[in-house]
Amino acid sequence: MSSWIDGVMVVLILTNLALLGTSRITVCIRIIALQGVVLGTLPMLAGEEVTLRLALLTTATVLLKGVVFPWLLLRAMRKAEIQREVEPYVGYILSVMVGLLSLGGSVWLAQGLPLPGPMAGTLALPVALFMIFVGLFTICSRRKAISQILGYIVVENGMYAFGAVILDEVPTLVELGVLLDVFVAVFVMGVAIYHIRREFDHMDVDQLDTLKG
Amino acid sequence: MSPFMLGILILFISALLALALRREHEAASRVGAFGAMLGCAVATIPVLRAMAGAEIPSLILPWSMPCGSLIFRIDLLSALFLLPILLVSALGALYGLAYLRPYADRKPVGSLGRCWFWYNLLVAGMLLVCVSHNALMFLVAWELMSLASFFLVAFDDEKTEVRDSAWTYFIATHLGTAFIIALFLTMGVAAGSFDFADFHKATLGPGVMGVLFLFAVIGFGTKAGFMPFHVWLPEAHPVAPSHVSAVMSGVMIKTGIYGLLRMLMLMGHPPAWWGWTLIGIGLVSGVLGVLFALAQHDLKRLLAYHSVENIGIIAMGSGLGMLGISIGSPLLTTLGFAGALLHVINHALFKSLLFFGAGAVQHGAGTREMDHLGGLLKRLPLTGLFFLIGAVAISGLPPLNGFVSEFLIYLGAFHSGATLHGTAALSGVAVITGLALIGGLAAACFTKVFGTVFLGAPRTEHAAHAHECGILMWLPMLTLAALCAAIGLCAPLAANAMAPVVANMTGLAPEQTALAVTYAQWPLTGVVTAAVALLLALCLLALLRRRLLARRSVGATGTWDCGYARPTARMQYTSSSFAQPITDCFRMFLGTRTSLRAPGEPFPQQPGRLSTETPDIFIARFYRPLFSWITRPLSWTLNVQHGRVQLYVLYVALTLVALLIWALGWPQ
């Protein structure tokens with residue numbers, strides 16, 4: 001089992017690095033979609049047996065993260081007529097370097113947090129930390145508001161990856177609740193982007209500082 | 001309890017409906033106002049039953065907070081504060097319906113609906129504050145009340161001065177709330193529960209209790225308007241719509257008194273200096289409040305300073321009561337608290353009456369600058385009559401209600417002066433002197449107001465073309481004026497009614513408090529009888545005058561006709577010239593700034609100019625230096641707040657990583 005999980009973890013690491021090195025927003029969105037689909041299968045792999053609950057959860061996650069979010073984001077892009085460049089503050093090569101560094105840092109940090117039980121040897125914890133760092137880095141280093149949403153989704157994916165592997169008996173209600181929260185957040189941010197674009201004729205977050213009091 | 005909660009539910013629903021209908025001015029106003037009145041009417045039923053002595057079962061709801069239970073209860077103290085809140089809020093809604101109508105064309109679409117939304121939330125907040133018996137729920141209700149009133153103060157938000165005043169209020173009220181939170185946390189942690197009923201279990205040293213007492217005085221005193229925490233009142237009350245000023249000044253600031261009394265009763269046996277502190281604050285607020293009122297030109301600003309004065313009177317009464325508890329004198333306790341509590345009701349009645357009157361003047365004449373008015377009694381006879389009743393009541397003259405409560409405090413003070421020994425006797429002397437000074441100055445101040453605004457000749461075109469308000473506006477004034485007179489004429493009954501409330505609040509035996517108020521019965525009956533006789537005599541004289549003048553012609557002629565070629569209405573006494581002898585006496589406290597440009601040569605080319613201004617001494621001498629002293633070292637933190645979202649997230653990320661490394665230790 002855990003080899004499958006580790007395989008998924010490797011895919012997650014690769015998608016994150018690819019995200020950091022990609023200049024096109026549409027490609028970024030597709031990478032996130034792929035990440036979501038892979039992530040959705042995690043509870044299925046981590047669980048001892050396939051129950052109806054797990055199957056439902058997997059379906060819901062894959063649908064939301066793999067289909068609905070990308071669709072919402074692409075739609076927001078189309079409506080707001082956004083340029084396709086990511087426009088980073090930190091260059092792509094340097095971003096990937098930072099990504100690799102934070103991967104090392106996460107592995108190093110994870111040593112201080114030994115996990116109990118059967119998951120002790122897996123990559124789950126370092127990858128979860130890594131995804132959270134990459135998400136935060138994406139939020140900090142990209143200019144467009146849509147990149148902030150992408151970063152937010154990556155952070156959330158990181159937490160999901162951790163939860164799906166470690167806590168195999170999280171109540172379904174909590175998981176669905178989290179999914180719903182993220183869905184609403186992405187939806188609202190998509191709408192907000194459209195309005196920012198309409199009001200200010202751009203959606204660069206760095207120009208929102210004219211609003212401060 | 002359930003009708004009460006139903007009333008609050010009606011308030012919430014009508015608030016939301018008014019917001020939803022905000023595109024239709026008229027519909028939103030109607031829904032908001034009638035919702036407020038209906039909600040208040042429904043909620044009055046259990047309050048009246050509680051006042052009549054019935055035991056209202058508490059409402060205890062389950063909630064998942066680890067700090068006690070969600071408990072709502074109406075006891076006599078709550079009921080006493082709830083009665084004026086319900087009455088004034090309902091009347092304010094009726095009044096506001098007509099008062100806000102002219103704004104419908106001037107303001108952007110939706111502002112009336114929003115105004116009613118906040119108004120109903122304010123009412124609901126005040127009601128919840130008075131029935132919450134859990135510190136957390138109390139704070140939630142308190143905050144609802146503060147925020148709703150902030151938005152109401154900022155109703156005319158396109159004007160800079162209105163926005164500034166609203167911010168002053170916002171900051172003041174939240175600084176006060178910070179002290180209340182500190183008080184609740186300390187008490188709650190020490191008692192192990194945040195239910196008020198458990199607070200008495202807190203065992204803290206006298207030093208800590210003393211600090212907590214000061215926190216309560218500052219926190220609740222900021223809302224109530226104790227000097228020197230009153231600075232928001234003269235800013236916020238003038239700029240708010242008049243029905244909101246009436247509700248805020250008449251009843252909302254009383255929630256501060258309610259919170260203070262509620263907390264003081266839970267803090268164990270008070271040392272004598274608590275009483276002294278309250279008396280001292282009361283004296284300062286009362287005397288300085290009325291002095292600053294005398295120096296004002298803006299009608300509503302003047303009324304706001306009078307709120308400070310009356311809160312001072314309430315604080316003096318409460319101080320006497322606390323002193324009575326401290327030295328174990330039931331008579332002093334009862335008379336002090338009975339006076340203070342009755343004054344809470346009385347002030348709610350006459351202050352909202354006066355604010356309604358001021359609103360009618362502003363509505364009719366378009367200005368609240370007293371020196372631009374004059375002669376309004378002829379154009380606004382009803383408003384003038386009701387304003388006069390309010391003015392007499394607030395000056396504490398018999399046979400109106402202001403007299404009754406001040407008399408009870410006087411009686412307590414006389415008792416302490418005559419029968420107590422040592423320093424306690426001094427309290428009586430101080431209170432008597434202070435009350436007498438306040439009463440005299442208040443009478444002078446309202447003579448000035450009534451004389452300048454309603455008597456004489458109109459000073460400007462505005463005043464000359466003023467129009468009387470409609471029935472929706474004078475009906476609330478009539479109700480309040482009638483109640484002022486009713487309490488004044490039934491003074492002995494009103495004093496008796498306070499006895500069970502004081503007993504319930506202080507834990508004295510009901511027989512003791514009932515006995516104590518009987519001391520007030522004979523003098524009150526005598527004064528009321530004499531006053532009624534005097535009134536009857538006045539009526540007879542008026543009838544006689546009418547009979548005598550019946551067959552003669554009565555003409556009007558210029559008042560200033562003694563040889564002046566061209567008399568104008570501006571030659572009349574102005575509000576500042578009327579008050580000048582008194583304000584000159586107290587110049588050292590007031591700091592009035594006068595700018596005078598005298599006309600020079602015998603045939604002056606340039607007209608002369610005189611203007612006086614009395615800014616609040618506490619803002620100018622205390623708060624402004626204090627805040628600039630605080631701001632200077634803190635201004636570098638503005639560099640951190642630069643508006644770049646990315647860097648904000650970076651702060652969060654770096655903090656998280658640092659915490660993670662710190663928590664895990666340095667991994668090997």
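1. Let's start with a pair of residues in chain B: R593(B) has E613(B), in strand 4 of chain B, as its bridge partner. Keep in mind as you look at them that this is a predicted model. A little further along, L596(B) sits opposite L610(B) of strand 4 of chain B. Both pairs are part of the antiparallel pairing of strand 3 (residues 593-597) of chain B with strand 4 of chain B, which runs over 5 bridges.

2. Are these two strands covered or in the open? Strand 4 (residues 609-613) of chain B has 5 residues, and the number buried is 0, so this strand lies largely in the open. Strand 3 of chain B is hardly covered either: among its 5 residues, the count of buried ones is 0.

3. Now for the start of chain B, where helix 1 (residues 2-20) packs against helix 2 (residues 25-51) with the axes 7 Å apart and at an angle of about 175°. An angle over 145 degrees counts as roughly antiparallel, and helix 1 of chain B and helix 2 of chain B are therefore roughly antiparallel to each other.

4. You may like to display the residues where these helices meet. On the side of helix 1 of chain B they include F4(B), I8(B), L11(B) and L17(B), while helix 2 of chain B contributes residues including V31(B), G35(B), L38(B) and V42(B). Sorted by class, this contact between helix 1 of chain B and helix 2 of chain B has 18 nonpolar, 5 polar and no charged residues.

5. Which residues touch the most other members of the largest nonpolar core? They are L127(B), A338(B) and C484(B), in a core of 214 residues. Helix 14 (residues 330-365) of chain B supplies the largest share of this core, with 20 residues.

6. A338(B) is worth a click of its own. Leaving aside neighbours within four places in sequence, A338(B) is in contact with L408(B), A495(B), M498(B), A499(B), V502(B) and V517(B). There is also a second, separate core of 52 residues, and I5(A), L20(A), A110(A) and I132(A) are among its members.

7. Finally, a word on chain A. Its secondary structure comes to 8 helices and 0 strands, giving the pattern α-α-α-α-α-α-α-α along the sequence. Chain A has 213 residues, of which 39% count as buried. How many of its contacts between residues at least 6 apart in sequence join residues at least 24 apart? In chain A, the share is 75%.

Methods
Residues numbered from 1 in each chain as written. Chains lettered and ligands numbered in written order. Predicted model: local features only at pLDDT ≥ 70, side-chain atom pairs only at ≥ 80, totals over all residues. Core = buried A, V, L, I, M, F, W, Y, C linked by C-beta atoms within 7 Å. Buried ≥ 20, exposed ≤ 12 C-beta atoms within 10 Å, placed from the backbone. Helix = DSSP H or I, 4+ residues; strand = E, 2+ residues; numbered from the N terminus. Contact = placed C-beta atoms within 7 Å. Pairing = 2+ DSSP bridges. Axes fitted to C-alpha atoms, helices over the stretch in contact; angles between N-to-C directions. Parallel < 35°, antiparallel > 145°, perpendicular 65-115°, else oblique. Nonpolar A, V, L, I, M, F, W, Y, C, P; charged D, E, K, R; others polar.
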